[in-house]
Amino acid sequence: MSFPLPLRTHFRDASPLVYGCMALGGDWGGGPLTEADIAQAHAAIEAALSIGVTLFDHADIYRRGKAEAVFGELLKRDAGLRARLRLQSKCGIRFGDDTAPGRFDFSADHIERSVDGILQRLGVEHIEILLLHRPDPLMQPAEVARAFGRLKAAGKVGHLGVSNMHAGQMRWLQSALPEPLVANQLEMSLAKLDFIDAGTTFNDPQAATRPGAMAWAGTLEYAQQHGVQLQAWGSLSQGRFNDPATSAAAQVVHEIAETHATTANAVLLAWLLRHPAGIQPVIGSGNAERIRACGDAVKIQLSREAWYRLYVAARGQALP
Ligand SMILES: NC(=O)c1ccc[n+]([C@@H]2O[C@H](COP(=O)([O-])OP(=O)(O)OC[C@H]3O[C@@H](n4cnc5c(N)ncnc54)[C@H](OP(=O)(O)O)[C@@H]3O)[C@@H](O)[C@H]2O)c1
């Protein structure tokens, strides 16, 4: 099955599914990596590669750097691994400490220092994509552009993207950049439907309003019009549809999974893949068996009727 992925403009081998590395690297404390952490990460990465994933998603904060560190350890142990994948990481979130609260930081100094840390932990000289993790209200687009320009010129970062930004924020940042933003990673899933509701509930006084839905207005449209790759985090709904007995929506997910002789997780991903924007779901499971089972998603073509059955069951309100 072919998928219309905007990211293929930049990487011809871009895969419909992305692997999210937040579950790798052991605990969130400061302890050292263990051999068990390394073995778990190895199994997860190989499982993701086995289902055709070529893009691996990181952030400097995942497991406080240990997700990147364990990945770096595996890149060091297997000289051929780097050539089989592309690396994406994020910066811009800072944890609180004695001197300041948790905050977002898109200052040039922080972005450039973060990238040096990312490269050092991964043990590489270059990452293909850098995402700005969460919008910083103090962002100055020209300052971000200067930082990215220096990182690009030094060969440290190939492309810039964002995460959790709406259309207006993307447009504002893009106005200062000499090249296009390549991706926007947002929480989108059957458990987080505001990205769809923003369009379907507009001008419908009967519709239940979902908090935040209107802030999405134009975000999917902006991405499609400007070739920005949408990536869905939380795509497995963090396991919420795992048990068919827990909700009417979970039951529908499992019924459709049975029709396609597959798992509930594959149906959740296929539902995102069916959207014409060419959304890349980011798989966050750390379990190799569950990751492999996600591979079915690219083989399933949900009918329009099945797509709407899932949407309506999950939103819990009939259309129109
Ligand atoms: N840009 C952002 O702001 C942002 C925020 C959060 C995450 N992310 C990225 O997106 C990726 C995915 O996000 P996510 O981890 O929040 O979402 P997810 O993929 O929806 O959920 C993964 C979690 O759900 C569990 N799970 C999945 N299927 C299950 C099942 N059938 N039964 C039981 N548990 C199940 C997994 O447990 P197991 O590990 O045991 O399978 C794991 O804890 C992350 O790795 C990260 O790369 C980005």
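This passage describes the strand barrel of a predicted model and two helices that pack on it.

Confidence in the predicted model averages a pLDDT of 96 over the chain. A score of at least 70 is reached by 100% of the residues. Strand β1 (residues 18-20) has the highest confidence, at 99. Helix α6 (residues 194-200) has the lowest, at a mean of 93.

Eight strands close into a barrel. Their order is β1-β2-β3-β6-β7-β8-β9-β10, and the pairing is parallel. From one strand to the next, the twist averages 30°. Strands of a sheet pair through backbone hydrogen bonds. One parallel pair joins strand β8 (residues 183-187) to strand β9 (residues 229-233) over five bridges. Here Gln-185 has Gln-231 of β9 as its bridge partner.

Helix α3 packs on the sheet and touches β3 (86-91), β6 (127-132) and β7 (157-163). The direction of α3 makes about 135° with that of β6. Helix α4 lies across β6 and β7. Relative to β7, α4 runs at about 150°.

The two helices also meet each other. The axes of α3 (residues 108-122) and α4 (residues 141-153) come within 9 Å and cross at roughly 30°. Angles under 35 degrees count as roughly parallel, so α3 and α4 are roughly parallel to each other. Their crossing is right-handed. On the α3 side, the contact is made by Ala-108, Ile-111, Glu-112 and Val-115. On the α4 side, Glu-143, Val-144, Ala-147, Arg-150 and Leu-151 take part. Of the residues in this contact, six are nonpolar and three are charged, with no polar ones.

Methods
Residues are numbered from 1 along each chain as its sequence is written. This is a predicted model: local features need pLDDT of at least 70, side-chain atom pairs count only at pLDDT 80 or more; totals for chains, interfaces and linings use all residues. Side-chain values use heavy atoms; hydrogens and water are left out. pLDDT is the predictor's confidence in each residue, from 0 to 100. Helices (H or I, at least four residues) and strands (E, at least two) are DSSP runs, numbered from the N terminus. Axes are lines fitted to C-alpha atoms, for helices over the stretch in contact, and angles run from 0 to 180 degrees between N-to-C directions. Angles under 35 degrees count as roughly parallel, over 145 as roughly antiparallel, 65 to 115 as roughly perpendicular and the rest as oblique. A crossing is left-handed if the near helix is turned anticlockwise from the far one by less than a right angle, and right-handed if clockwise. Contact means heavy atoms within 4.5 Å. Ala, Val, Leu, Ile, Met, Phe, Trp, Tyr, Cys and Pro count as nonpolar, Asp, Glu, Lys and Arg as charged, and the others, Gly among them, as polar. Two strands pair if DSSP finds at least two bridges between them.
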